[in-house]
Amino acid sequence: INKYTTFKNQLDIVSNLIKDLSEIVHKIKEDTIPLINYYASYYLNLITNGIMTTIEVTDNYDLIVDGHDINLKSGGQQDIASLSYRLALSKSIITGMLPVLVLDEVDSSGAKDSVDDIMNAIDAITNSGYQVVLITHKDISDLEDINVIRL
């Protein structure tokens, strides 16, 4: 009887854990993903000057960019869409916490116009109160209102 009681208690704990995890997954799908999609689309639109406008995550967690699977986009478009999504994830994760965002080589594969648009998006993030640490090999001496640490 003791083994049965112990086993039943453990089974109840696992059942409750599965129920709690199911509720968390549902909350993420219903509340968090639409918010992340909103911010990702905002950054995508900002970075591309309206050329690409929307990012959505499917129920299978695939990325859809302007109605097409991200894998159907060019490499540069995939990079920009991925950056936009990572910016949105970062914003969602750090909302209400220490507002620091670390970006590593986000400007490495882009053309000059693309890099300027990325910098504008980063500027928008800093204007909303976030501190941004940007790791880059590019010359950013012409940017205003930044502190540069050279290593």
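This passage describes the nonpolar core, the third helix and the aromatic pairs of a predicted model.

The largest nonpolar core comprises 28 residues. Within this core, the residues with the most contacts are Leu 44, Ile 47, Ile 55, Val 65, Tyr 85 and Leu 87. At least two core residues are supplied by each of helix 1 (2-47), strand 1 (55-57), strand 2 (63-65), helix 2 (75-94), strand 4 (100-104) and helix 3. When residues up to four places away in sequence are not counted, Leu 44 touches Met 52, Thr 53, Thr 54, Ile 55, Val 65, Ile 80, Ala 81 and Ser 84. Two of these partners, Ile 55 and Val 65, are listed with Leu 44 among the residues with the most contacts inside the core.

Helix 3 covers residues 112-127. Its 16 residues should span 22 Å at 1.5 Å a residue, and the C-alpha atoms at its ends are 22 Å apart, so the expected and computed values agree. The buried residues of this helix are Ser 114, Val 115, Asp 117, Ile 118, Met 119, Ala 121, Ile 122 and Ile 125. Just after helix 3, Gly 129 adopts a positive phi of about 105 degrees.

Among the buried residues of helix 3, Asp 117 carries an acidic side chain that engages another polar group: a polar contact of 3.1 Å joins it to the side chain of Asn 49. Asp 117 has a relative accessible area of 12% and is therefore classed as buried, the cut-off being under 20%. Apart from residues up to four places away in sequence, Asp 117 touches Leu 46, Ile 47 and Asn 49. Of these, Ile 47 also appears among the core residues with the most contacts, so that Asp 117 touches a member of the nonpolar core.

A search of the whole structure yields two aromatic pairs. In one of them, Tyr 38 and Tyr 39 are arranged edge-to-face, with 5.2 Å from centre to centre and 75 degrees between the planes. Tyr 38 counts as exposed because its relative accessibility is 53%, over the 50% cut-off, whereas Tyr 39, with a relative accessible area of 22%, is partly exposed. The other pair consists of Tyr 42 and Tyr 43, whose ring centres are 5.2 Å apart; the planes stand at 70 degrees, so this pair is likewise edge-to-face. Tyr 42 is partly exposed at a relative accessible area of 40%, while Tyr 43 is buried at 4%.

Technical notes: Residues numbered from 1 in each chain as written. Predicted model: local features only at pLDDT ≥ 70, side-chain atom pairs only at ≥ 80, totals over all residues. Heavy atoms only, no water. Helix = DSSP H or I, 4+ residues; strand = E, 2+ residues; numbered from the N terminus. Buried < 20%, exposed > 50% of the residue type's maximum accessible area, 1.4 Å probe, protein only. Polar contact = N/O pair within 3.5 Å; in protein donor to acceptor, adjacent residues only side chain to side chain. Contact = heavy atoms within 4.5 Å. Phe/Tyr/Trp six-rings, centres within 6.5 Å; stacked < 30°, edge-to-face > 60°. Core = buried A, V, L, I, M, F, W, Y, C linked by side-chain atoms within 4.5 Å. Expected span 1.5 Å × (residues − 1).
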